[in-house]
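Me: Could you take me slowly through the empty spaces in this protein model, and through the helix packing beside them? I am in my first year, so please explain each term as you use it.

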Amino acid sequence: MAEKKTVDRKVLIVEAAAKSFTMFGYKATTMELVAKLAGVGKGTIYTFFATKEELFGEIIRRLTSEMKAVVVGRIEENRSFFDNLTDAMYGVLQFRETHELVVKLTQEEREVGTSIVSEGLGTLEDAVIGFIEREIRAAQEKGELRDVNPSITAFMMIRVYLALAAEWSRRHAPLTKEEVAEQLTGLFKHGICAKG
């Protein structure tokens, strides 16, 4: 029975930390604030997490799991690599734009440049790149893609997708989900060279 209370307190602490990071960002969150939000003593937090950085790492691990679930949920065996890829990336984009904690951390990274936040967001991006890389390898084994470096290609694909979906609209009319998918697929599937 005592173990149940231990697990519950840890969950309370992680949820309170996520709430605090969402409201105030990493830099403005203190262990005192997390303790207050969780309804536990500050010492209780240190039972589970030695530092704020360690607690933040747990939050990033949970975010990564949430995002992976979104991506995996969009993959369908009967669809082509590019259909799965663009749908999965759209899921990542929606996750990044609508998950309040990710939005706050992205804002803090942009405005304050907090290094641990940059590392945490980098961990999220690395998880997406790793997933795409595995999908590229699987598509290569099926003969859907030629032999390219999966790591570099995954990196380029996510960057191009995010540039088209998010950055393009800063200076141009926004592209629809379908237009982004069409541009990405056209570029990576067919290239830009005229057939000759």
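Reply: What follows goes from the pockets to the cavities, and ends with one pair of helices.

This is a predicted model, in which local features need pLDDT of at least 70 and side-chain atom pairs count only at pLDDT 80 or more, while totals for chains, interfaces and linings use all residues. Residues are numbered from 1 along each chain as its sequence is written, and side-chain values use heavy atoms, with hydrogens and water left out.

Rolling a probe the size of a water molecule over the atoms shows where empty space is left. Here the search runs on a 1 Å grid over the protein atoms alone: a cavity is a set of points where a 1.4 Å probe fits but cannot get out, whereas a pocket is an open set with protein on both sides within 12 Å along at least five of seven lines, and a lining residue has an atom within 4 Å of a point. Grid points are joined across faces, edges and corners, and a volume is the space filled by probe spheres set on the points.

The largest pocket holds about 720 Å³ of space. It is lined by 23 residues, of which Arg96, Thr106, Glu109, Glu125 and Leu162 are the closest to its centre. Two or more lining residues come from each of helix H5 (81-98), helix H6 (100-111), helix H7 (115-142) and helix H8 (150-167), where a helix is a DSSP run of H or I with at least four residues, numbered from the N terminus. This lining divides into 12 nonpolar, three polar and eight charged residues; Ala, Val, Leu, Ile, Met, Phe, Trp, Tyr, Cys and Pro count as nonpolar, Asp, Glu, Lys and Arg as charged, and the others, Gly among them, as polar.

The second largest pocket has about 320 Å³ of space, and among its 14 lining residues Phe82, Leu145, Arg146, Phe188 and Lys189 are the closest to the centre. H5, H8 and helix H9 (177-190) each give two or more residues to this lining, with the largest share, four residues, coming from H9.

Turning to the closed spaces, there are two cavities of 30 Å³ or more. The largest cavity, with a volume of about 40 Å³, is lined by Ile75, Phe81, Asn84, Leu85, Ala88, Phe131, Ile132 and Glu135, and H5 gives the most to this lining, with four residues. The second largest cavity, at about 30 Å³, has Met67, Lys68, Val71, Ala127, Val128 and Phe131 as its lining, and helix H4 (52-73) and H7 each give two or more of these residues.

Finally, H7 and H8 pack with their axes 8 Å apart, at an angle of about 120 degrees; axes are lines fitted to C-alpha atoms, for helices over the stretch in contact, and angles run from 0 to 180 degrees between N-to-C directions. The two helices, H7 and H8, are therefore oblique to each other, because angles under 35 degrees count as roughly parallel, over 145 as roughly antiparallel, 65 to 115 as roughly perpendicular and the rest as oblique. Contact means heavy atoms within 4.5 Å, and by that rule Glu125, Val128, Ile129, Ile132, Glu133, Ile136, Arg137 and Gln140 in H7 meet Pro150, Ser151, Thr153, Ala154, Phe155, Met157, Ile158 and Arg159 in H8. The residues of this contact divide into nine nonpolar, three polar and four charged.
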